[in-house]
Amino acid sequence: MHHTRSDSLRLAAALAVSLAAALPLAAQAKTLVYCSEGSPENFTPALNTTGTSFDAARPIYDKLTHFRRGSTEVEPGLAESWTVSPDSKVFTFKLRKGVKFHSGVNGFKPSRDFNADDVLFSFDRQGKADHPYAKVSGGKYDYFADMGLNTDIASIEKVDATTVKMTLKAPNVTMLANLAMDFAAIHSAEYADMLAKANKKEQFDQIPVGTGAFSFVTYQKDAVIRYKANKDYWGEKAMVDDLVYAITPDPTARYSKVKAGECHFMPFPRPADLPEMQKDPALKVISQPGLNIAYWAFNTQKPPFDKKEVRQALSMAIDKAAIIRDVYLGAGQAAKNLIPPTLWSYNDTVKDYPFDAARAKDMLAKAGVKAPLEIDLWYMPVQRPYNPNAKRIAEMMQADLAKIGVNAKLVTYEWGEYRKRMQQGEHITGMLGWTGDNGDPDNFFFLRGCDATRPGGQNLSKWCNKEFDSRLEKARTLPDQKARAKLYEEMQKIEKDDAPDFKIAHSVVFETMRKEVSGYKQSPFGSHEFNGVELK
């Protein structure tokens, strides 16, 4: 088709007009894209124990108490105020009035504001075996149980529509911080009723309804999660219209997407990519010491790891300094205690096991272990804030172990499956780690508590030491931080001596974003929160 010059001018003018008409729309609708590292198992935090799943649910829900964004400080959430009895056993919460639940994408429209019924529903589901939703979606509430709440809560009562009273069997000074954690997210009881009547209870955990800064729009498994801003939000509002999680497990792929502007934000950059990222004028790299630990757990219920001497021997067989140097590239420090040195009650007098292959070999022989010893060594299929490359660490450990007559078979599974199987105790040895959830040492030590050794529990060493456990329980009842710190210091010595695990590192957590992102605050808990975040 032949164009005259005037045709071209008219076409250009028409294009300019249509572009100008489209521009205000583009300028109005702002979408923040987060390149997340994995897929959530579902959208009910109470059913999960991983940061990946918590991150996916976090935009949607509120808790009774919140952590001030970017800090470990507890502030009011759905409870606008509370009183605690002098014996730290009775917590009475005054609930915020006028808070709206989201409308669900499956036709749910709330007919009332948030109230005490929603709080009771959310906790009773986890704590009462006869609750109508207790068995839905597998019905495992590992977090609630590992923290002992299934046995510690005497009652949760509705005093009136805006008052809830929680009574504990024993004092727990960590409770207000615990309630700001993800497992304590508050759900809509009315939404649950609607789905129960329609015989669609399974939708509850897949099509989430909360009161948070964003509402859920859609999830395409292993690809993308979409949310939209909740204009009625009572708290710190969303500064963008839409939030998208582009699920991108590979760190190199995340980096190219951020460089190309397809994502605004990525977690867990590869340590080797950091120098290049830091030079790029289009990017910002932020970091802080992580409230975390990476460890290699010995399953103490499987011989010969039921013998302390065998666990101590393997703790001496690994060249930890080489791992810190080659895998963390200086962005980590060797760990000797479960808690990082930035946390109060850290016991610096604990001496780490020396790297001594000859002594390790000798100890194994003395413990009656015949060479070669065949074991498995599980490593995570994903990056975590505490571990930039579990596979590489596993290979280095495998080489060190071979030198003392231990043959380690490397094993991994898809991330959800990996954790499920380890929590069931299928491994002989396996790697995991932890990022603190509430800034209290208790939140690390419970990982080695007897409560958490049950199948499904997060004590992956399946190690139950009465000396350690009695101190853990007692510390929860003491309001005096000095007295608690003394118990925690003793616990670190007990754990070091019994060696249920080999502690690898506490890492520095790096995050990378595009220059146009502003207002983001790095969380000490490694969580990602996008209310209050703008695109300039």
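The legends below accompany close-up views of a predicted model.

**View 1. Leu149 and its surroundings in helix α5.** Leu149 belongs to helix α5, which covers residues 149–152. With a relative accessible area of 2%, Leu149 counts as buried, because that word applies to values under 20%. Leaving aside residues up to four places away in sequence, Leu149 touches Phe144, Met175 and Phe183. The C-alpha atom of Asn42, a residue 107 residues apart from Leu149 along the chain, is separated from the C-alpha atom of Leu149 by 22 Å.

**View 2. Strand β18 and its cover.** Strand β18 runs through residues 501–514 and is mostly covered, since 13 of its 14 residues are buried.

**View 3. Strand β18 beside strands β11 and β12.** Strand β11, made of residues 265–267, pairs with β18 in the antiparallel sense over 3 bridges, and within this pairing Phe265 has Met513 of β18 as its bridge partner. Strand β12, made of residues 283–289, also runs antiparallel to β18 and is joined to it by 7 bridges, while Gln288 stands opposite Val509 in β18.

**View 4. Strand β18 beside strands β13 and β14.** Strand β13, which spans residues 292–298, forms an antiparallel pair with β18 over 4 bridges, and the partner of Tyr295 across one bridge is Lys503 in β18. Strand β14, which spans residues 332–334, is joined to β18 by 3 bridges, again with the two strands running antiparallel, and here Gly332 has Ser507 of β18 as its bridge partner.

Key. Residues numbered from 1 in each chain as written. Predicted model: local features only at pLDDT ≥ 70, side-chain atom pairs only at ≥ 80, totals over all residues. Heavy atoms only, no water. Buried < 20%, exposed > 50% of the residue type's maximum accessible area, 1.4 Å probe, protein only. Contact = heavy atoms within 4.5 Å. Pairing = 2+ DSSP bridges.
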